[in-house]
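This report goes through one protein model, from a single residue up to the contact between domains. Please keep the sequence and the structure in view while reading.

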Amino acid sequence: MKRILTGLKPSGELTLGSLIGAIKQCVSYQKDYESIIFVPDLHAITVEQDPKELKMRIKKNVALYLACGIDPEKNIIFLQSENVYHANLSWILECNTYMGEASRMTQFKDKSSKKENVSVGLFTYPILMAADILLYDADYVPVGIDQKQHVELARDIANRINNRYGNIFKVPEPLIPEVGAKIMDLQEPTKKMSKSSDNYKGTILLLDSEKDIRKKIASAVTDSEGKVYFDKENKPGISNLLTIYSCLSNLSIEEVEDKFKDYNYGNLKKEVADIVVEKLTEIQTKYENIINSNMIDEVLDKGKNLSIKMAQAKYEKLKEKVGLTR
Ligand code: TYM
C-alpha cells in the first residue's frame, strides 16, 4: 500500500489554509493509503517561541488533526521531537546537501529578509523536513504549493544518497490539491494566508469564533468591478473567496462561479461565511471534546512507539552504509 506523510508546524494557530492545503487532503486519502501525520515541533523553534505557548499549540495541533477527521485508527500520529531519528538523519542529510541548493529555497529567502537575527535552523529547516519524509519511505507528501520546493529538495537529496550509498530511500512526490493549494490572505489576497501573519483580519483560524469569521470575511478585500467570476490575476480577492467555497463545498470552481454569477459581493461574502462557519463549528465541537481528554496522550504514545521503530530501521541502514559504524 502506498504511504502518505505530512506535518503542520505548531508555530502559530492552524488556519483555514492549513485545513484546505494539507489536512483535508490527508482526510480524503487516509482510506486508501497508509497515513502518517506528525507535529513538526522542531521546525517550530527555527523562530523564537514562547515555551508555554508552544507546548499548548502542540496539543492543540493534535486535537485539531483529530477534530478535522484524521482517524487515529488509520494514521500514525506523533510528535517529531519525541523521535530522535529525525534530527539524527537530518545531520547526515545536511552533509549531503550543497550550500547552493539550500540557498535557493525561496521560503528561507523570504523569511530571512524580514528578520534581523536569523537562526541557522531556519536555513537548514528544509533538510530536517527531508529527513521527516525520507525516514518513512513516504510515496506522497500532501502539502500546499508553498512546500513544493521543499519536497523537491527532499527528492534531490534522496536521489543523491541512493546514488552514493545504494538504494536507501523512496523518492517522494508532493501531492498538491488542484484547487486550494494556496489560500490567500483576506486583506492582501496576493499573499498566502499564514498562521504567522501580523494581519489578524486576513487570516481565519480554525478556532475563530463565528463572529470573528463573519467579520473577517465581510471585510475581505475585493475589487470595484462588482461582477463575480474567477480570475486570479485581476480579481484575487473574489477568486480567493470562490476557491474557499469550492474547497469546502466540494463543488468545482466552474460550478461555484455559476452558482454565484448573479450575486453581488455582499451576498457572496455572506454565503462564503455561512459555509466556513458551518465547517469550522463542526470541527470546533469535536475539538472541545478532545482537547481535555486522554485521547491526545494515548494517540501520541502509540504514534511515538510506532514511528521510532520505523525510523530507527531506516536510520540504522543508512548509518551503516555511510560508514558510521565500528
Ligand atoms: P506549515 O506548518 O507552514 O503548513 C502546514 C501545511 O499547510 C499548508 N498551508 C497552506 N495551504 C494552502 N493555503 C495556505 N494559505 C496554506 N498555509 C499553509 C502548507 O503548504 C503545509 O502543507 N515545513 C512544513 C511542515 C513540515 C512538513 C514536513 C510537511 C515539516 N516536515 C514533512 C510535510 C512533510 C511547514 O512549515 O508547513
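In which loop is the place of Gln-30? Gln-30 sits in the loop between α1 and β2 (34-39). The model is a predicted one, and the values below are computed from it.

**Two buried residues**

Is Gln-30 buried or exposed? Its relative accessible area is 9%, and buried means under 20%, so Gln-30 is buried. Leaving out residues up to four places away in sequence, Gln-30 touches Ser-35, Gly-69, Ile-70, Asp-71, Lys-74 and Asn-75.

Ser-239 is part of helix α10, which covers residues 236-249. With 2% relative accessibility, Ser-239 counts as buried. A polar atom of the Ser-239 side chain lies 2.7 Å from the backbone oxygen of Lys-235. Beyond its neighbours within four places in sequence, Ser-239 is in contact with Tyr-229, Phe-230, Asp-231 and Lys-232. From C-alpha to C-alpha, Ser-239 and Glu-257 are 9.3 Å apart in space, with their positions 18 residues apart in sequence.

**Salt bridges**

How many salt bridges does the structure hold? The number is 19. Three of the pairs are set out here.

| Pair | Closest N to O distance | Relative accessibility |
|---|---|---|
| Lys-192 and Asp-146 | 3.1 Å | Lys-192 33%, Asp-146 27% |
| Glu-188 and Lys-191 | 3.3 Å | Glu-188 33%, Lys-191 44% |
| Lys-216 and Asp-208 | 2.6 Å | Lys-216 4%, Asp-208 5% |

Lys-192 forms a salt bridge with Asp-146. This pair links distant parts of the chain, as its members are 46 residues apart. Lys-192 belongs to the loop between β5 (173-175) and α9 (210-218), while Asp-146 belongs to the loop between β4 (140-142) and α8 (148-165). Lys-192 counts as partly exposed, and Asp-146 is partly exposed too.

In the second pair, the side chains of Glu-188 and Lys-191 meet. Glu-188 counts as partly exposed, as does Lys-191.

The third pair joins the side chains of Lys-216 and Asp-208. Are these two residues buried or exposed? Lys-216 is buried, and Asp-208 also counts as buried, because each value falls under 20%. Elsewhere, Glu-210, Arg-214, Lys-270 and Asp-274 are joined into one network by salt bridges that share partners.

**The two domains**

The domain assignment of the protein gives domain 1, made of 3-176 + 294-322, and domain 2, made of 200-288. Domain 1 brings 12 residues to the contact and domain 2 brings 14 residues. The C-alpha centres of the two domains lie 29 Å apart.

The size of an interface is often stated as the accessible area lost when the parts come together. Between domain 1 and domain 2, the buried area is about 1200 Å². Carbon and sulfur atoms give 82% of that area.

Which helices each supply at least two residues of the side of domain 1 that touches domain 2? They are α1 (16-29) and α3 (51-67). By class, this side of domain 1 has eight nonpolar, one polar and three charged residues.

How many salt bridges does the rule find across the interface of domain 1 and domain 2? It finds zero. Across that interface, four residue pairs are in polar contact, with both residues at pLDDT 80 or more.

Notes: Residues are numbered from 1 along each chain as its sequence is written. This is a predicted model: local features need pLDDT of at least 70, side-chain atom pairs count only at pLDDT 80 or more; totals for chains, interfaces and linings use all residues. Side-chain values use heavy atoms; hydrogens and water are left out. Domain bounds come from an automatic or database domain assignment. Contact means heavy atoms within 4.5 Å. Buried area is the accessible area (1.4 Å probe) that two parts lose on being put together, summed over both. A polar contact is a pair of N or O atoms within 3.5 Å; within protein, one must be able to donate a hydrogen and the other to accept it, and residues adjacent in sequence count only if both atoms are side-chain atoms. Helices (H or I, at least four residues) and strands (E, at least two) are DSSP runs, numbered from the N terminus. Ala, Val, Leu, Ile, Met, Phe, Trp, Tyr, Cys and Pro count as nonpolar, Asp, Glu, Lys and Arg as charged, and the others, Gly among them, as polar. Buried means under 20% relative accessible area, exposed over 50%, partly exposed in between (1.4 Å probe, protein chains only).
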